[in-house]
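The following exercises are worked step by step from a sequence and its coordinates. Have both open while reading the solutions.

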Amino acid sequence: MIELHIKIDSIDYGGLAQQVVPLAINKLGASSHGDSKLVHALQGLGNLPSSAVKVMLNAMPQEAKDTIALAFMQNYKDEITQQINRFAENKGIKIVITEIEAVRGSDEPQAEIALPEKE
């Protein structure tokens, strides 16, 4: 077994918001839980929802942004694992990733946040 540790020094949370918010709105529209009027209104606002999230994230302290990122990575670790496995397979390498864990660096303050369960 090999353990791979990746340290992320910084994340452009604003740029991430610009990419993720439109995808989240579209996913909400495709789900049975989505309010079609809300989704339609959000889609009609163009880049405004993404820009609003970007402004909020940029105003948050780094610890809060990192806590959100950790919760996101923990919540979607199965999908992240699948993406890594597919990437390796496309390069002709067969690997099996058994576990991914997102943790704050040992010298960082610890905080927890829970994301809603994915569908």
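**Exercise 1.** Determine how helices α4 and α5 pack against each other.

Solution. Step 1: helix α4 covers residues 62-75 and helix α5 covers residues 77-90. Helices here are DSSP runs (H or I, at least four residues; strands are E, at least two), numbered from the N terminus.
Step 2: the two axes lie 5 Å apart and form an angle of about 70 degrees. An axis is a line fitted to C-alpha atoms, for helices over the stretch in contact, and angles run from 0 to 180 degrees between N-to-C directions.
Step 3: α4 and α5 are therefore roughly perpendicular to each other, given the classes used (under 35 degrees roughly parallel, over 145 roughly antiparallel, 65 to 115 roughly perpendicular, the rest oblique).
Step 4: the residues that make the contact are M73, Q74 and N75 on α4, with K77, E79 and I80 on α5. Contact means heavy atoms within 4.5 Å.

The model is predicted: local features need pLDDT of at least 70, side-chain atom pairs count only at pLDDT 80 or more, and totals for chains, interfaces and linings use all residues. Residues are numbered from 1 along each chain as its sequence is written, and side-chain values use heavy atoms, with hydrogens and water left out.

**Exercise 2.** Summarise the protein chain by its elements, burial, surface and contacts.

Solution. Step 1: the chain has five helices and zero strands, in the order α-α-α-α-α from the N terminus on.
Step 2: of its 119 residues, 17% are buried. Buried means under 20% relative accessible area, exposed over 50%, and partly exposed in between (1.4 Å probe, protein chains only).
Step 3: the accessible surface is about 9500 Å², and carbon and sulfur atoms hold 57% of that area. Areas come from the Shrake-Rupley method with a 1.4 Å probe; for residues, only the protein chains shown count as cover.
Step 4: among contacts with a separation of 6 or more, 66% join residues 24 or more positions apart.

**Exercise 3.** Is G14 buried or exposed, and which residues does G14 touch?

Solution. Step 1: G14 sits in helix α1.
Step 2: its relative accessible area is 0%, so G14 is buried.
Step 3: leaving aside residues up to four places away in sequence, G14 touches K54 and N58.
Step 4: the C-alpha atoms of G14 and L57 are 6.5 Å apart, with the two positions 43 residues apart along the chain counted as their separation.

**Exercise 4.** Classify Q19 and N47 by accessibility and locate them.

Solution. Step 1: Q19 is also part of helix α1. With a relative accessible area of 56%, Q19 is exposed. Its C-alpha atom is 7.9 Å from that of S50, 31 residues apart along the chain.
Step 2: N47 belongs to the loop between α2 (36-44) and α3 (48-59). N47 has 56% relative accessibility and therefore counts as exposed. The C-alpha atoms of N47 and V21, 26 residues apart along the chain, are 9.1 Å from each other.

**Exercise 5.** Describe E3 and L4.

Solution. Step 1: E3 lies in the segment before α1 and is exposed, at 59% relative accessibility. E3 and E99 are 96 residues apart along the chain, with 9.7 Å between their C-alpha atoms.
Step 2: L4 lies in the segment before α1 (13-30). L4 has a relative accessible area of 70%, so L4 is exposed.
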